[in-house]
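User: Got a minute to walk through this one with me? I'd like to go through it piece by piece.

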Amino acid sequence: MYFPNVGKNFYFDGVNWIVVGVGNKSFEYRAEKGIFAVINLDELDCMLIIIRDKEVKITVDPSIPSVKADSKELLSVYGNSGTYALLEFDKNNN
């Protein structure tokens with residue numbers, strides 16, 4: 001499986017994304033409002049997340065897997081553990 005690098009563009013399911021986090025261990029990203037996707041890179045399973053707050057810290061823990069926004073659980077025990085990527089919708093290239 002191809003693992004994208006942080007900061008690079010990633011084309012997935014007909015949409016251009018920017019990789020803002022990737023790994024099989026917990027990682028964080030400080031985000032402004034926008035559209036994000038959490039993708040299991042092992043299974044290519046994807047969940048879309050819309051952040052409406054001005055600024056939030058998104059934490060992805062692939063070992064559970066779970067997604068939190070400012071310590072508030074958004075997604076708990078989603079899919080299998082593995083390597084996950086956090087993608088941000090690329091407003092300039094869609």
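**Glu55 and its surroundings**

Analyst: Glu55 counts as partly exposed, at 46% relative accessibility; buried means under 20% relative accessible area, exposed over 50%, and partly exposed in between, with a 1.4 Å probe and protein chains only. Before we go on: this is a predicted model, where local features need pLDDT of at least 70, side-chain atom pairs count only at pLDDT 80 or more, and totals for chains, interfaces and linings use all residues. Residues are numbered from 1 along each chain as its sequence is written, and side-chain values use heavy atoms, with hydrogens and water left out.

User: OK, what does Glu55 form a salt bridge with?

Analyst: With Arg30, the closest N and O atoms being 3.4 Å apart. A salt bridge here is a side-chain nitrogen of Lys or Arg within 4 Å of a carboxyl oxygen of Asp or Glu. The pair links distant parts of the chain, with Glu55 in strand 4 and Arg30 in strand 3, 25 residues apart. Strands are DSSP runs (E, at least two residues), numbered from the N terminus.

User: And is Arg30 buried or exposed?

Analyst: In between: Arg30 is partly exposed, with a relative accessible area of 46%.

User: How many salt bridges are there in the whole structure?

Analyst: A search finds two. Lys57 and Glu28 also meet in a salt bridge, at 3.7 Å, N to O. Lys57 lies in strand 4 and Glu28 in strand 3 (residues 27-40), so this pair ties together parts that are 29 residues apart in sequence.

User: Switching topic: what order do the strands of the sheet have?

Analyst: It's an open sheet of seven strands in the order 1-2-7-3-4-5-6, with antiparallel pairing. Two strands pair if DSSP finds at least two bridges between them.

User: Which strands stand at the edges?

Analyst: Strand 1 (9-12) and strand 6 (72-76); each has a single partner strand, so one side of each is left without a neighbour in the sheet.

User: How many bridges are there between strand 4 and strand 5?

Analyst: Four, in the antiparallel sense, between residues 45-61 and residues 66-69. The bridge partner of Ile58 in strand 5 is Ala69.

User: What about aromatics? How many aromatic pairs turn up?

Analyst: Three in the whole structure. One of them is Phe10 and Phe12, which are stacked, 6.3 Å centre to centre with 15 degrees between the planes. Rings of Phe, Tyr and Trp (its six-membered ring) pair if their centres lie within 6.5 Å; planes under 30 degrees apart count as stacked, over 60 as edge-to-face and the rest as tilted. Both Phe10 and Phe12 are buried.
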